[in-house]
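Take a walk through this model with the coordinates open. We go chain by chain, then turn to the rings, and end at the cavity.

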Amino acid sequence: MFIITMIQMQTVTLIPGDGIGPEISAAVMKIFEAAKAPIRWEERNVTAIKGPGGRWMIPPDAKESMDRSKIGLKGPLKTPIAAGHPSMNLLLRKTFDLYANVRPCVSIEGYKTPYTDVNLVTIRENTEGEYSGIEHVIVDGVVQSIKLITEEASRRIAEYAFEYARNNQRNSVTAVHKANIMRMSDGLFLRKCREVAENYKDIKFTEMYLDTVCLNMVQDPTQFDVLVMPNLYGDILSDLCAGLIGGLGVTPSGNIGANGVAIFESVHGTAPDIAGMDLANPTALLLSAVMMLRHMGLHDHGNKIQAACFDTIRDKKVLTKDLGGNSKCSEFTDEICRRVKDLE
Amino acid sequence: MKIFEAAKAPIRWEERNVTAIKGPGGRWMIPPDAKESMDRSKIGLKGPLKTPIAAGHPSMNLLLRKTFDLYANVRPCVSIEGYKTPYTDVNLVTIRENTEGEYSGIEHVIVDGVVQSIKLITEEASRRIAEYAFEYARNNQRNSVTAVHKANIMRMSDGLFLRKCREVAENYKDIKFTEMYLDTVCLNMVQDPTQFDVLVMPNLYGDILSDLCAGLIGGLGVTPSGNIGANGVAIFESVHGTAPDIAGMDLANPTALLLSAVMMLRHMGLHDHGNKIQAACFDTIRDKKVLTKDLGGNSKCSEFTDEICRRVKDLE
């Protein structure tokens, strides 16, 4: 008797981006094909356009695709030149209410940094806090900038952090804050984290001052697991942690939105100087795509592709220039594809 | 004090206590004799203070800061040969604006569940800290000053800070001036801290970066710190805790306070004495024969101190 397995193809909205975006996106698609990942790519462009009423928006077909697929993979976008043109990342964030920025930072064997066993995740509240953009001149020479913390956003990010910890077999969640100085705002954030922690007794909950985290992080990053924090602290810490494992060229990133939307992206630049020359390193986008597979429950495919990527880097025979080698992007990609097929 | 004596440093110590007391009118203040001494000497060296237990008692550090308008917190971070960390050639200085910014303490509940916290940046404070940073760079033969900011996001506040830095830079053409986003600084700092020299920034960023950099060289136990005030006052201090568990047991590591005292000597123009004491301290640590427990050895504080004294005398 035969049992027929239905392979359900899932649609992912692919936004290649600018500069090296298209070539690293092509690399990821090739590797996914080699891994037989059940993903159907729907390419879209997100250059901002002006909608009726003169407000900037992402193109309707891009929005439609994301709303339908719920999952996006995005390469680097170039900074807009036209004055008044908003940041595309900001536009995407607002369009899909991307409230959580998630960066798993894992040391890559074969890519040497001063640290060897980093394995942590930064979860950054990405809608409010210090980046509310509310500033005023009080009198000449005196400016105020307002940081907003709300119960709702704090609760939401805390819940995401604990859910993430549970779903990814992480042991602890640490709230990072400065509530000793910013008693009301960070105090509110901390309170919500504590409340949510009550519903996740299986996860250890701790709290640490941001400055203490930084002091300890550079001395022993292995003491950290999942870190959750407001916007600015997340901006700083996520980049600090990316630095520990080798920089933005090897760091994955995911943005979680309301209504089940999630957009995974590489956070490096467009590298216009090497665009189109088959020199780019697709690792960051590939690891973001692996994050995406795990988010979708496709753990086997995710693990296989990640293993193939890490094995290639560890082996040091076929590496792009930024990783210390002199192979082309296509050669690096083919090597990963080869290993993925071997791992079948 | 023992090491200073061995080095024959021309310093006369005047010991004072700064436990807060309530003055007339019920306001907390530092004891009058402590204030009088500081106003007269202008230079202070301070060990760790314990957190006050009594409710309503303000932080002593905050009280000192306000009493003497300590506007600049300065931390030189230099790798210590013999005290291993993942980094070997750190040599930078963080200069933090210490009076305003995110730590103004102005917060409000807007409606239930919505809180705002106000960050204040003023032209005056920004200009003052920028000027201190460039003067420091010049006086200490540093090559460059980097303003650390997030003016792409906080256009008005950090923008004002940045503008003042740029204006002051115009008067210091001998010092290279650069600007870098805080997140980029952190990303780069942990990959290659040798690219940094003098860093100047607003309060919160300085709080974070100064501790990050202390971590690069081994932590608060070996990091010196100085606070510069208006009216020529300067207070140098160790920034670690009071370590009550080992207090009185001759186990402590005096390095942080000693290096802060060296910073103090340099501030006073006593470079020869400062260099001699620092060399004796670093040589002792590099030699690894006499080290306190936190540095990886099993010597007493007094033994570590005597070793440094011995070397200081040899360096005559």
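Chain B comes to 10 helices and 12 strands in this predicted model. Its radius of gyration is 20 Å, close to the 20 Å that the globule rule gives for 316 residues, so chain B is as compact as a globular protein of that length. Along the principal axes, the C-alpha atoms of chain B fill a box of roughly 60 × 50 × 40 Å. Of its 316 residues, 53% count as buried.

Now turn to chain A. Its secondary structure comes to 10 helices and 14 strands. The radius of gyration of chain A is 21 Å, and the globule rule gives 20 Å for 344 residues. Those two values are close, so chain A too is as compact as a globular protein of its length. The box around its C-alpha atoms, taken along the principal axes, is roughly 65 × 50 × 50 Å. Buried residues make up 58% of the 344 in chain A.

Stay in chain A and find Thr251(A). This residue lies in a loop, between α7 (231-245) and β13 (254-257) of chain A. Is Thr251(A) buried or exposed? Thr251(A) counts as buried, because its relative accessibility is 0% and the cut-off for buried is under 20%. Ser288(A) is 37 residues away from Thr251(A) along the chain. In space, the C-alpha atoms of the two are separated by 7.7 Å.

Next, the aromatic rings. How many aromatic pairs does the structure hold over all chains? There are 11. One of them joins Phe162(A) and Phe205(A). A pair of aromatic rings is described by the distance of the centres and the angle of the planes. Here the centres lie 5.9 Å apart and the planes make an angle of 50°, a tilted arrangement. The pair links distant parts of the chain, 43 residues apart. Phe162(A) belongs to helix α4 (residues 151-167) of chain A, while Phe205(A) belongs to strand β11 (residues 204-209) of chain A. How accessible are the two partners? Phe162(A) is buried, at a relative accessible area of 0%. Phe205(A) has 21% relative accessibility and therefore counts as partly exposed; the buried class requires under 20%.

Chain A also has a ring cluster to look at. Which residues do ring pairs link into this cluster? They are Tyr99(A), Tyr160(A) and Tyr164(A).

Rings meet charges as well. In chain A, Lys178(A) lies over the face of Tyr209(A), 5.9 Å from the ring centre. In chain B, look at Lys150(B) and Tyr181(B). The charged end of Lys150(B) sits over the ring of Tyr181(B), at 5.9 Å from its centre.

Last stop: the cavity. The structure holds 1 cavity of 30 Å³ or more. The volume of the largest cavity is about 60 Å³. Which residues line the largest cavity? From chain A come Glu130(A), Ser145(A), Ile146(A), Lys147(A) and Met182(A). From chain B come Glu102(B), Ser117(B), Ile118(B), Lys119(B) and Met154(B). Both chains therefore contribute to this lining by the rule that lining residues have an atom within 4 Å of a cavity point. Two strands each supply at least two of the lining residues: β9 (142-150) of chain A and β7 (114-122) of chain B. By class, the lining has 4 nonpolar, 2 polar and 4 charged residues.

Key:
Residues numbered from 1 in each chain as written. Chains lettered and ligands numbered in written order. Predicted model: local features only at pLDDT ≥ 70, side-chain atom pairs only at ≥ 80, totals over all residues. Heavy atoms only, no water. 1 Å grid on protein atoms, 1.4 Å probe; cavity = no way out; pocket = protein on both sides within 12 Å on 5 of 7 lines; lining within 4 Å. Points joined across faces, edges and corners; volume = space filled by probe spheres on them. Helix = DSSP H or I, 4+ residues; strand = E, 2+ residues; numbered from the N terminus. Nonpolar A, V, L, I, M, F, W, Y, C, P; charged D, E, K, R; others polar. Phe/Tyr/Trp six-rings, centres within 6.5 Å; stacked < 30°, edge-to-face > 60°. Buried < 20%, exposed > 50% of the residue type's maximum accessible area, 1.4 Å probe, protein only. Lys NZ or Arg CZ within 6 Å of the ring centre and 35° of its normal. Rg over C-alpha atoms; globule rule 2.2 N^0.38 Å.
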